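Work through these exercises with the sequence and the model side by side. Try each task before reading its solution.

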Amino acid sequence: MTVSLPLVVVLGFFAWGAVKFLGVRAWVVVLVTLFGFWLSHTFLAPAIESGTRSGVGIINGSHD
């Protein structure tokens, strides 16, 4: 069985867990989220997206 989850859902789950179980303040999660949003509009965005896709591809393995 294959389950496909968007990366944003997985990251949201980890953020919720960090707030709930690690005691991370909610404002820190908001700050990091805003930083990621603003970072996505810079020249680094293509490199970050490419690296993320490569990492997910390595984790998922080849299905050829």
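**Exercise 1. A loop residue**

Is Gly 23 buried or exposed? Place Gly 23 in the fold as well.

Solution. Keep in mind that the model is predicted.
- Step 1: find the element. Gly 23 sits in the loop between α1 and α2.
- Step 2: read the accessibility. The relative accessible area of Gly 23 is 52%.
- Step 3: apply the cut-off. Exposed means over 50%, so Gly 23 is exposed.
- Step 4: relate Gly 23 to Leu 5. The two are 18 residues apart along the chain, and their C-alpha atoms are separated by 26 Å.

**Exercise 2. The largest pocket**

Find the volume of the largest pocket, then describe its lining.

Solution.
- Step 1: take the volume. It is about 450 Å³ for the largest pocket.
- Step 2: go to the centre. The lining has 15 residues, and Leu 7, Val 8, Leu 11, Gly 12 and Thr 33 are the closest to the centre.
- Step 3: assign the helices. At least two lining residues come from each of α1 (7–21), α2 (26–39) and α3 (45–60).
- Step 4: sort by class. The lining of the largest pocket holds 11 nonpolar and 4 polar residues, with no charged ones.

**Exercise 3. The second largest pocket**

Which helix gives the largest share of the lining of the second largest pocket? Describe the rest of that lining too.

Solution.
- Step 1: take the volume. The second largest pocket has about 350 Å³.
- Step 2: go to the centre. Of 13 lining residues, Leu 5, Pro 6, Leu 7, Val 56 and Asn 60 lie nearest to it.
- Step 3: assign the helices. α1 and α3 each give at least two lining residues. The largest share, 6 residues, belongs to α3.
- Step 4: sort by class. This lining has 7 nonpolar, 4 polar and 2 charged residues.

**Exercise 4. Leu 7**

Locate Leu 7 and classify its accessibility.

Solution.
- Step 1: find the element. Leu 7 is part of helix α1.
- Step 2: classify. Its relative accessible area is 43%. Partly exposed covers the range between 20% and 50%, so Leu 7 is partly exposed.
- Step 3: look across to Thr 52. Leu 7 and Thr 52 are 45 residues apart along the chain, yet 9.5 Å separates their C-alpha atoms.

**Exercise 5. The salt bridge**

How many salt bridges are counted? Identify the partners and their setting.

Solution.
- Step 1: count. There is 1 salt bridge.
- Step 2: name the pair. Glu 49 bridges to Arg 53, with the closest N and O atoms 3.0 Å apart. The cut-off is 4 Å.
- Step 3: use the spacing. The partners are 4 residues apart in helix α3, so about one helical turn separates them.
- Step 4: check accessibility. Glu 49 is partly exposed at 44% relative accessible area. Arg 53 is exposed at 59%.
- Step 5: relate Glu 49 to Val 3. They are 46 residues apart along the chain, and 22 Å lies between their C-alpha atoms.

**Exercise 6. A nonpolar patch**

Which residues form a nonpolar patch on the surface?

Solution.
- Step 1: list the members. They are Phe 13, Phe 14, Trp 16, Phe 21 and Leu 22.
- Step 2: take the area. Together these residues have about 680 Å² of accessible area.
- Step 3: examine one member. Phe 13 belongs to helix α1. Phe 13 is exposed, with a relative accessible area of 53%.

Key
Residues numbered from 1 in each chain as written. Predicted model: local features only at pLDDT ≥ 70, side-chain atom pairs only at ≥ 80, totals over all residues. Heavy atoms only, no water. 1 Å grid on protein atoms, 1.4 Å probe; cavity = no way out; pocket = protein on both sides within 12 Å on 5 of 7 lines; lining within 4 Å. Points joined across faces, edges and corners; volume = space filled by probe spheres on them. Nonpolar A, V, L, I, M, F, W, Y, C, P; charged D, E, K, R; others polar. Patch = residues over 30% accessible without salt bridge, like charges linked within 9 Å, V, L, I, M, F, W, Y side chains within 5 Å. Areas by Shrake-Rupley, 256 points an atom, 1.4 Å probe, with all protein chains shown as cover. Salt bridge = Lys/Arg side-chain N within 4 Å of Asp/Glu carboxyl O. Buried < 20%, exposed > 50% of the residue type's maximum accessible area, 1.4 Å probe, protein only.
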